[in-house]
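Work through the exercises below with the sequence and the model open. Try each task before reading its solution.

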Amino acid sequence: INAEYMGNLYRPRGCIFTMAEAEAAKPEAPEKKSKKSNPMREIMIDKLVVNISVGESGDRLTRAVRVLEQLTDQTPVQSKARLTIRSFSIRRNEKIACHATVRGQKAEELLERGLKVKEYELRKQNFSQTGNFGFGINEHIDLGLKYDPSTGIYGMDFYVVLKRRGFRTAHRRRQVARVGAQHRITKKESIAWFVKRFEGIVLDQKKPSASRGTYTKGKK
């Protein structure tokens with residue numbers, strides 16, 4: 001409490017205490033901290049999932065696992081098909097893809113290399129409503145890996161999961177709690193984080209293909 005304000009409270013009897021003096025003697029209210037300065041609101045990379053979908057088992061899948069192992073320095077996990085699709089010659093529970101989950105500094109380095117291939121340009125459709133985003137790369141040799149004729153060329157998908165401090169409460173084993181709506185990451189926040197962090201560009205729609213003609217609805 002302000003000392004001058006306390007001194008005015010104990011004035012002698014009969015002394016006039018004006019409203020102006022009372023307003024001047026009031027202590028100043030503390031400044032409110034903005035959400036931007038709150039460290040709990042900081043957005044960071046939780047994990048990066050790199051996936052190669054081959055569509056068949058055998059030598060091609062084995063070579064894809066080798067490519068992913070060279071890229072991430074980890075042992076990839078092989079994924080199985082959920083359904084039987086005869087037109088693609090895929091049987092249920094057949095291993096048709098492989099993926100690896102990367103975290104920490106290694107995830108940031110791989111993401112930087114992947115975005116460099118895309119020239120730091122993504123579309124709005126690449127971002128989900130939960131604040132995550134992903135993109136694809138056509139050739140793995142663009143990431144700096146050497147070309148091996150016996151291996152061939154593989155494309156892959158990058159998917160980035162973002163988080164804030166406190167997201168662990170929804171995944172821990174004991175005392176599991178929901179993350180509040182105000183603390184979740186939205187699509188706009190993830191786009192703003194991508195533009196600020198990597199100085200990227202977000203396009204509104206897909207670029208028109210040069211080989212195909214444009215079609216306008218309602219016109220012939």
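The exercises go from the overall fold to individual salt bridges.

This is a predicted model, in which local features need pLDDT of at least 70, side-chain atom pairs count only at pLDDT 80 or more, and totals for chains, interfaces and linings use all residues. Residues are numbered from 1 along each chain as its sequence is written, and side-chain values use heavy atoms, with hydrogens and water left out.

**Exercise 1.** State how many helices and strands the protein chain has, and give their order.

Solution.
- Step 1: Count DSSP runs, taking helices as H or I with at least four residues and strands as E with at least two, numbered from the N terminus.
- Step 2: The count is five helices and seven strands.
- Step 3: Read from the N terminus, the order is α-α-β-α-β-β-α-β-β-β-α-β.

**Exercise 2.** Find what share of the residues is buried and what share of the contacts joins residues 24 or more positions apart.

Solution.
- Step 1: Classify by relative accessible area: buried is under 20%, exposed is over 50%, and partly exposed is in between (1.4 Å probe, protein chains only).
- Step 2: Of the 220 residues in the protein chain, 28% are buried.
- Step 3: Take a contact as heavy atoms within 4.5 Å. Among contacts with a separation of 6 or more, 61% are between residues 24 or more positions apart.

**Exercise 3.** Locate the salt bridge of K106 and explain which parts of the chain the pair ties together.

Solution.
- Step 1: Apply the criterion, a side-chain nitrogen of Lys or Arg within 4 Å of a carboxyl oxygen of Asp or Glu. The structure holds seven such salt bridges.
- Step 2: The partner of K106 is D73, with the closest N and O atoms 3.5 Å apart.
- Step 3: K106 belongs to helix 4 (residues 104-117) and D73 to the loop between helix 3 (59-72) and strand 2 (77-80), so the pair ties together parts 33 residues apart in sequence.
- Step 4: K106 is partly exposed at 25% relative accessibility, whereas D73 is exposed at 60%.

**Exercise 4.** Place the salt bridges E108–R197 and D204–K124 in the chain.

Solution.
- Step 1: The closest N and O atoms of E108 and R197 are 3.4 Å apart. E108 sits in helix 4 and R197 in helix 5 (residues 187-198), 89 residues apart.
- Step 2: E108 is partly exposed at 29%, and R197 is partly exposed at 40%.
- Step 3: D204 and K124 meet at 3.7 Å, N to O. D204 lies in the segment after strand 7 (201-203) and K124 in the loop between strand 4 (121-123) and strand 5 (133-137), 80 residues apart.
- Step 4: D204 is exposed at 56%, while K124 is partly exposed at 38%.
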